Amino acid sequence: MSANGGSRSEHFFGWGLSEGALVAGETSLRLVAKEFGTPLYVYSEPRVLERAEQLRAAFPGFSILYSIKSNPQPRLCRLLAKHGFHAGVSSLNEFELALDTGYQPEDIGYVGPAKRLVDLQRTAAKGCGVYYVESLTEISRLEQVADSLQRRLQIALRINTEHRPTAAGEFMAGGPSEFGIDEEHLDEAIEAIDSRRLNLVGFHTFVASQVVERRALERHFNRVATLVSGLASDHDIDLQVVNFGGGFGIPYASSERELDISRLGKYVASSPAILALREKWPKASLCLDVGRFLVGDAGVFLTEVVDVKKSRGRTFVITDSGVTGFARPNMPWAQAHPCCVVDRVNENGSSSISCSVVGPSCMPGDLLAPSVDLADPQPGDVLAFMNAGAYGRTMSFLEWGGFDQPREVNFDGSGFCDPTPK
């Protein structure tokens with residue numbers, strides 16, 4: 001069974017293949033593009049649920065927060081809420097979206113370095129489960145909010161750890177950072193908390209994004225369990241929440257290996273540091289904060305070729321959407337997204353050409369792929385950019401130039417639903 005519900009074993013970055021064409025179930029993505037128009041995001045709900053089950057099987061007993069910023073499409077948020085996931089939010093609007101799509105307020109964790117007083121007031125009034133605190137200023141603001149509501153709020157300190165993985169797409173810890181409280185200043189932060197107003201229930205870490213090195217993640221779990229256990233013992237904290245973060249990566253090239261999430265989970269389950277933590281604080285909720293791993297390869301971005309032209313030895317494939325619909329490939333820190341003609345995948349014979357895929361806007365930086373081999377692209381062809389399910393539509397320059405904004409459609413295993421209205 002393919003990730004998208006078909007009966008074929010061939011696949012391409014999470015999507016099914018039939019006679020060299022990308023499919024969702026039994027339907028060609030070319031036909032999907034024709035029906036709904038381009039630019040278009042297509043999300044495979046069966047693939048999201050497959051990833052969800054992989055995480056559940058690998059980390060039994062863990063609470064898993066869906067990081068809504070990775071893809072806030074309401075239907076996907078609702079799908080994961082329905083299947084028992086909690087929510088990780090980083091803004092007041094994401095908090096409201098989480099409530100609207102089925103998450104209980106007590107199952108929401110609020111993270112982010114710029115929580116305004118109004119954000120804290122409104123989320124606290126609605127019962128936000130836990131605040132992942134990033135600074136001493138935030139502690140003071142939360143104490144003010146708790147005082148005005150006349151009740152204690154639950155907080156967990158986010159730690160800017162001294163360590164970082166050896167390889168990752170982006171680092172959020174291990175050096176100077178706007179995220180979290182520096183590990184060497186945690187004692188000071190803990191002592192600054194007014195326990196009459198705030199209940200320190202645990203700790204949170206998120207050191208990096210797009211980590212594909214399993215052993216680096218194993219070291220991370222061990223270090224965090226050891227660090228948190230020491231802090232809780234030293235300060236007599238009744239641990240209720242330990243969020244190890246996430247950052248689990250996915251392959252962006254055919255040569256890259258899939259992160260062995262099952263093996264990682266087995267290691268974590270037998271880790272002496274985590275076993276000791278569980279034994280001393282058996283009621284503590286161990287958490288993960290996951291986005292890209294759940295939805296990344298469940299999304300594909302489709303854009304139509306408008307023109308193919310040559311200029312001084314270079315071939316340009318010009319599409320109906322670039323940074324205006326899918327800006328992530330253009331970001332300096334981002335991975336190159338796999339790209340293909342939807343009905344000629346992996347055809348790299350004599351008809352394959354080396355080209356640059358560019359968008360329609362009048363700026364030279366509108367690049368979807370600076371250099372890629374494509375199977376004889378022609379005007380009217382549809383290109384697919386894979387791994388577009390995370391940090392796709394909402395990270396793009398949707399208003400730039402007045403071009404058509406991309407629609408979204410979900411494949412539910414049997415049909416297509418909930419397209420974005422034109």
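Hi everyone, let's start with a small piece of this structure: an open sheet of 4 strands, in the order β1-β2-β3-β4, paired in the antiparallel sense. The edges belong to β1, residues 11-12, and β4, residues 27-28; each has a single partner strand, so one side of each is left without a neighbour in the sheet. Looking at one of those edges, β1 pairs with strand β2, residues 15-18, through 2 bridges, again antiparallel. If you want a residue pair to find on screen, His11 stands opposite Gly16 in β2.

Before going further, please keep in mind that this is a predicted model.

Now let me zoom out to the whole chain. The protein chain holds 11 helices and 24 strands. Its radius of gyration is 23 Å, and the globule rule gives 22 Å for 422 residues, so the chain is as compact as a globular protein of that length. The C-alpha trace spans about 70 × 45 × 45 Å along its principal axes.

How much of the chain is buried? Buried residues make up 57% of the 422 residues. As for contacts, take those with a separation of 6 or more: residues 24 or more positions apart account for 71% of them. On the outside, the protein chain exposes about 17900 Å², and carbon and sulfur atoms supply 48% of that area. For those of you who think about charge, there are 41 positive and 52 negative charges, and their mean positions are 1 Å apart.

Next, a strand I'd like you to look at with me: β6, residues 63-67. Here 5 of the 5 residues are buried, so β6 is largely enclosed by the rest of the structure. Which way do the side chains go? In a regular strand the side chains alternate between the two faces of the sheet. In β6, Ser63, Leu65 and Ser67 point one way while Ile64 and Tyr66 point the other way, and all of them are buried.

And the neighbours of β6? Strand β16, residues 285-290, runs parallel to β6 and is joined to it by 4 bridges; there, Ser63 has Cys287 as its bridge partner. Strand β7, residues 86-89, is also parallel to β6, with 3 bridges between them. On that β7 side, the bridge partner of Ser67 is Gly88.

Let's stay with Ser67 for a moment, since this residue of β6 lets us tie several points together. Ser67 is buried, with a relative accessible area of 6%. Which residues does Ser67 touch, leaving aside its neighbours within four places in sequence? The contacts are Gly88, Asp289, Val290 and Gly291. So that you can also place Val111: it lies 44 residues from Ser67 along the chain, and their C-alpha atoms are separated by 9.8 Å.

One last stop, strand β13, residues 198-205. This strand is mostly covered, with 7 of its 8 residues buried. Strand β10, residues 153-160, runs parallel to β13, and 7 bridges join the two. Leu153 has its bridge partner in β13, namely Leu198. Strand β15, residues 241-246, is parallel to β13 as well, and here 3 bridges make the link. For a pair to click on, try Phe203 and its bridge partner in β15, Val242.

That's my tour. Thanks for listening, and I'm happy to go back to any of these strands on the screen.

Notes. Residues numbered from 1 in each chain as written. Predicted model: local features only at pLDDT ≥ 70, side-chain atom pairs only at ≥ 80, totals over all residues. Heavy atoms only, no water. Buried < 20%, exposed > 50% of the residue type's maximum accessible area, 1.4 Å probe, protein only. Pairing = 2+ DSSP bridges. Rg over C-alpha atoms; globule rule 2.2 N^0.38 Å. Contact = heavy atoms within 4.5 Å. Areas by Shrake-Rupley, 256 points an atom, 1.4 Å probe, with all protein chains shown as cover. Lys, Arg positive; Asp, Glu negative; His and termini not counted. Charge placed at Lys NZ, Arg CZ, Asp CG, Glu CD.
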